[in-house]
Amino acid sequence: MTPTLLSQRTPLSPVSSAIPRVDSAPRLSLHPVLDRRAVVDGAWWPSSCDAAAELPNLIAAVDRLLDRVTLRIGVHRDVWQSIPRRIPARGRQVRIGWFRHTDPRVITLIFAAGEPVVLLIIHPTPPPAPPRPRSSSPPRTPPA
C-alpha cells in the first residue's frame, strides 16, 4: 500500500460537506493489513499541534483509505492545542475526546464498524516527557 498524505489545511465550516484535497506529501502511512496484535496501525506526521487544523485532513484521508466512517477520535490533551469537541466531516460530526491518561505519542480513531485504528504521531515538536516517579528515599551522595 502506498502511503497517502495530506498537505493542504483548510478548516471545514460546520455546514461544509467538502473534503480536504489529498496530495502526495508524506503525512500518513497505514499498514497494508490492520492487525490487532500490532501496537500501532500506522503513523501520522501532522504539520502542527493544532488539532482543529490537522484533524479534518486526517479524518478525510483515513475514511477514504480504509473505506470506513470515523465517528470518534481520542487524543492526549497536553500534546494538542485548539482541541474542538466535534469536527465536521462529510455530513456528520466526528466527536473528539481528549485525555491525560493515554500515551501522548498516539491517536486513536474509532469507526462505525470494525476495530479502532491507533496511529503513532510524529510531532513537529516533541511531546512533553512523561513525569518521572519520585523516589521516597533521600538522594545518594557519591563516595569520596
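Analyst: Under 20% relative accessible area a residue is called buried, over 50% exposed, and in between partly exposed. The model discussed here is predicted.

User: Why is aspartate 78 called partly exposed?
Analyst: The relative accessible area of aspartate 78 is 42%. That value falls between the limits of 20% and 50%, so aspartate 78 is partly exposed.

User: Which term fits arginine 100, buried or exposed?
Analyst: Arginine 100 has 56% relative accessibility. The cut-off is over 50%, so arginine 100 counts as exposed.

User: What makes the contact of aspartate 78 and arginine 100 a salt bridge?
Analyst: Their side chains meet with N and O 2.8 Å apart. The limit is 4 Å, therefore the contact qualifies. Aspartate 78 sits in the loop between E3 and E4 and arginine 100 in the loop between E5 and E6, so this salt bridge links parts 22 residues apart in sequence.

User: How many salt bridges does the structure hold?
Analyst: There are four. One of them joins arginine 27 to glutamate 54.

User: How do you know that arginine 27 and glutamate 54 form a salt bridge?
Analyst: The closest N and O atoms of the pair are 2.4 Å apart, which is within 4 Å. Arginine 27 belongs to the segment before strand E1 (28-30) and glutamate 54 to helix H1 (residues 51-66), so the pair ties together parts that are 27 residues apart in sequence.

User: Are the two residues of that pair, arginine 27 and glutamate 54, buried or exposed, and what shows this for arginine 27 and for glutamate 54?
Analyst: Arginine 27 has 6% relative accessibility, and glutamate 54 has a relative accessible area of 0%. Each value is under 20%, so arginine 27 is buried and glutamate 54 is buried as well.

User: What makes aspartate 63 and arginine 92 a salt bridge?
Analyst: The closest N and O atoms of aspartate 63 and arginine 92 lie 2.2 Å apart. With a limit of 4 Å, the pair therefore counts. Aspartate 63 is in helix H1 and arginine 92 in strand E5 (residues 92-99), so this contact ties together parts that are 29 residues apart in sequence. Both aspartate 63 and arginine 92 are buried.

User: What secondary structure does the chain have?
Analyst: The chain has one helix and seven strands. From the N terminus, the order of elements is β-β-α-β-β-β-β-β.

User: Why are strands E3 and E6 said to pair?
Analyst: Strand E3 (residues 70-76) and strand E6 (residues 106-111) share four bridges in the antiparallel sense. At least two are needed, so the strands pair. Glycine 74 is bridged to threonine 108 in E6, and isoleucine 73 to leucine 109 in E6.

User: What joins E3 to E5?
Analyst: Five bridges join E3 to E5, and the two strands run parallel. Here glycine 74 has glycine 97 of E5 as its bridge partner. As for cover, five of the seven residues of E3 are buried.

User: How do you know that E6 and strand E7 pair?
Analyst: E6 and strand E7 (residues 117-121) have four antiparallel bridges, and since at least two are required, they pair. Isoleucine 107 is bridged to leucine 119 in E7. E6 and E7 make a hairpin with five residues between them, and glycine 114 in the turn shows a positive phi of about 95°.

User: Why does tryptophan 44 count as buried?
Analyst: Tryptophan 44, in strand E2 (residues 42-44), has 2% relative accessibility. The limit is under 20%, so tryptophan 44 is buried. The C-alpha atoms of tryptophan 44 and isoleucine 107 are separated by 9.0 Å, although these residues are 63 residues apart along the chain.

User: What makes isoleucine 122 accessible enough for a surface patch?
Analyst: Isoleucine 122 lies in the segment after E7. Its relative accessibility is 35%, and a patch residue needs over 30%, so isoleucine 122 meets that condition. The nonpolar patch consists of Trp45, Leu120 and Ile122, with about 230 Å² of accessible area together.

User: Which residues gather in a patch of positive charge on the surface?
Analyst: Arg77, Arg85, Arg86 and Arg95 gather there. Arginine 86 is in strand E4 (residues 86-89). The relative accessible area of arginine 86 is 45%, over the 30% asked of a patch residue, so arginine 86 passes that cut-off.

Note on methods. Residues numbered from 1 in each chain as written. Predicted model: local features only at pLDDT ≥ 70, side-chain atom pairs only at ≥ 80, totals over all residues. Heavy atoms only, no water. Patch = residues over 30% accessible without salt bridge, like charges linked within 9 Å, V, L, I, M, F, W, Y side chains within 5 Å. Areas by Shrake-Rupley, 256 points an atom, 1.4 Å probe, with all protein chains shown as cover. Lys, Arg positive; Asp, Glu negative; His and termini not counted. Charge placed at Lys NZ, Arg CZ, Asp CG, Glu CD. Buried < 20%, exposed > 50% of the residue type's maximum accessible area, 1.4 Å probe, protein only.
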